[in-house]
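Look over the model below before reading on. This report visits ligands, strands, cysteines and loops in turn.

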Amino acid sequence: MTTTSPPTPQALLTRINTNAARDNIDFTVLPFHKEALDSITKLHEEATTIVLPDFTNATKIDTHTHPVPSWFRTLELSAAGRETPSWNVTDHLAFMSARGIRRSILSVSTPQANAFASPSKFERDAELRKKKTVALARLLNEYAAEVCRIWPERFSWLGVTALPFVEESVREVGHALGLGAVGISILTNAEGLYPGDAAFTPLWRFLEERAGRHGREVVFIHPTDPVIALDDGTLISSRPSPLRSGLGEFYFETARALSSLIASSPPYNSTLLKYPSLHWRISHGAGAFPDISERFLLGFPNESAAAREAYKTRCWYDSAGPVWPRQIKGVLEGMGVGVGQCVFGTDYPYGIGFWDVDENIAGLADAGFIPGEEREGVLWRNARELWRGKIAL
Ligand SMILES: *[C@@H]1O[C@H](CO)[C@@H](O)[C@H](O)[C@H]1NC(C)=O
Ligand SMILES: *[C@@H]1O[C@H](CO)[C@@H](O)[C@H](O)[C@H]1NC(C)=O
Ligand SMILES: *[C@@H]1O[C@H](CO)[C@@H](O)[C@H](O)[C@H]1NC(C)=O
Ligand SMILES: *[C@@H]1O[C@H](CO)[C@@H](O)[C@H](O)[C@H]1NC(C)=O
């Protein structure tokens, strides 16, 4: 659908509902669907009242940020053991302006569309769980799309999927990319399945084909809590430690997810190596992965050379959290990755109050072991290179 002038709220709603009906998506399975649709059509009201802060000298591109629509926040009041933060565009723009961030890439954080798979809200009826997941993915995508339609200078977005439901995810991702998403965002696991699971092959194939001969598609992997499926299909938490998962478990999840993409033994299928147009945005400087990367490859000698090459060319590691100047050495020195694969991220608003974002930025800016020019690259140029024209500066 191509429109040059902004749609009226009614036209927007009609488009969203018509597309949902076309795709067999039933919003009414979600008790909060009216509130969600309202919040999308009301976004433009914030645009009319907002006093835009100054972005004159802002250059940074923040590749790891999260929109939190209020109805999504209510759905999961706790994220990785901390209170899910409130968010709005006004606050986000103020945060960006104060730190010289010109553009932020939005992607919904955990649990994304899998809210009904989390042990606390587990929907036992598998068919209903699927319908809810699919409907939630669509609402989250329409929300992010509308934010970026209204503020195209400041925000880009990554679409969420309906994984582990693969057919529905292919359709959802097609819809999101058609609406202007600059890639997709997945969780480290979806109902206990890791991204390299061969069951997800149709999604990667779809993206590879869409990327075309010279293009690329970006897949962001964001941590979530680990779960395990019992024989009767119930999902329970498999977090072995009472410590909140944001402290360490998220890093182990990131390592598991990346491992799954390399492994060639069932259920995995060396996904990372098979789709040369897919570029993987890895959260938090690859989490715990650098520590296991060499040991893990001992199990896959036939893939190891290609995997090491992929780490250096098609994986992109963000700075969100206390990653620079110390932890990043696992990526740079341990895995031999160039600074050109490192991008800037803040994890706004989830990172606020967890770590000191300003200290993180300083940690990057002051990392004396790499040349200033390369540090500048991390702040914006590398992201522009990753997205190749899909994000305007
Ligand atoms: C932007 O940078 C220029 C040149 O350094 C400076 O003169 C100007 O005051 C800055 N503007 C703002 C709003 O920070
Ligand atoms: C955004 O959230 C802040 C609280 O974090 C609140 O003070 C402000 O009124 C909100 N702005 C809008 C436009 O909703
Ligand atoms: C694994 O990938 C190959 C392509 O390299 C494909 O032919 C095969 O079907 C995949 N296996 C599974 C189980 O999806
Ligand atoms: C590596 O590839 C060779 C030749 O295709 C094969 O015989 C061997 O089983 C593979 N090794 C592993 C560990 O998969």
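The shell around ligand 2 has no nonpolar residues, two polar ones and two charged ones. Its members are Glu46, Asn88, Thr90 and Asp91. Two of these residues reach ligand 2 through polar side-chain atoms. For Asn88, such an atom lies 2.3 Å from an oxygen atom of ligand 2. For Asp91, the distance to an oxygen atom of ligand 2 is 2.6 Å. On its own, ligand 2 has 370 Å² of accessible area, and the protein covers 37% of it. Keep in mind that this whole model is predicted.

Ligand 3 has another set of residues around it: Ala198, Thr201, Asn269 and Lys274. By class, they are one nonpolar, two polar and one charged. The side chain of Asn269 has an N or O atom 2.5 Å from an oxygen atom of ligand 3. The side chain of Lys274 also has an N or O atom at 3.1 Å from an oxygen atom of ligand 3. The protein covers 42% of the 360 Å² that ligand 3 has as accessible area when alone.

Now take ligand 1. Asp54, Thr56 and Asn57 surround ligand 1. A polar side-chain atom of Asn57 is 2.3 Å from one of the oxygen atoms of ligand 1. Alone, ligand 1 exposes 360 Å², of which the protein buries 25%.

The table lists the area values by ligand.

| Ligand | Accessible area alone | Part covered by the protein |
|---|---|---|
| Ligand 1 | 360 Å² | 25% |
| Ligand 2 | 370 Å² | 37% |
| Ligand 3 | 360 Å² | 42% |

**Strands and sheets**

In what order do the strands of the six-stranded open sheet stand? The order is E6-E7-E8-E11-E12-E13, and the pairing is parallel. Strand E6 (159-160) and strand E13 (342-343) stand at the edges. Each has a single partner strand, so one side of each is left without a neighbour in the sheet.

Look inside that sheet next. Strand E11 covers residues 278-282, and strand E12 covers residues 315-318. Three bridges join them, and they run parallel. Arg281 has Trp316 in E12 as its bridge partner.

Strand E1 is another place to look. Is strand E1 mostly covered or mostly open? Strand E1 (residues 60-65) is mostly covered, with six of its six residues buried. Four bridges join E1 to strand E4 (residues 101-106), and these two strands run parallel. Ile61 stands opposite Arg103 in E4. In a regular strand, side chains alternate between the two faces of the sheet.

**Cysteines**

How many disulfides does a search of the whole structure find? The search finds zero. Why does Cys342 have no bond to Cys315? The closest cysteine sulfur to that of Cys342 is in Cys315, but it is 11 Å away, too far for a bond. A disulfide needs the two sulfur atoms within 2.5 Å. Cys342 is also buried, with a relative accessible area of 0%. Cys148 counts as buried as well, because its relative accessibility is 9% and the cut-off for buried is under 20%.

**Loops with unusual backbone**

Two peptide bonds deserve a look. A cis peptide bond joins Pro266 and Pro267, with omega about 5°. Pro267 lies in the loop between helix H9 (249-262) and helix H10 (271-274). The peptide bond from Tyr348 to Pro349 is cis too, with omega near -5°. Pro349 sits in the loop between E13 and helix H14 (357-365).

Next come two phi angles. Ala80 is not a glycine, yet its phi is positive, about 55°. The loop that holds Ala80 runs between strand E2 (78-79) and strand E3 (82-83). Is Ala80 buried or exposed? Ala80 is buried, with a relative accessible area of 14%.

Glu191 is not a glycine either, and its phi is positive at about 50°. This residue is in the loop between strand E7 (184-187) and helix H8 (201-211). Glu191 counts as buried, at 14% relative accessibility.

How values were computed
Residues numbered from 1 in each chain as written. Chains lettered and ligands numbered in written order. Predicted model: local features only at pLDDT ≥ 70, side-chain atom pairs only at ≥ 80, totals over all residues. Heavy atoms only, no water. Near = heavy atom within 4 Å. Polar contact = N/O pair within 3.5 Å; in protein donor to acceptor, adjacent residues only side chain to side chain. Areas by Shrake-Rupley, 256 points an atom, 1.4 Å probe, with all protein chains shown as cover. Nonpolar A, V, L, I, M, F, W, Y, C, P; charged D, E, K, R; others polar. Buried < 20%, exposed > 50% of the residue type's maximum accessible area, 1.4 Å probe, protein only. Pairing = 2+ DSSP bridges.
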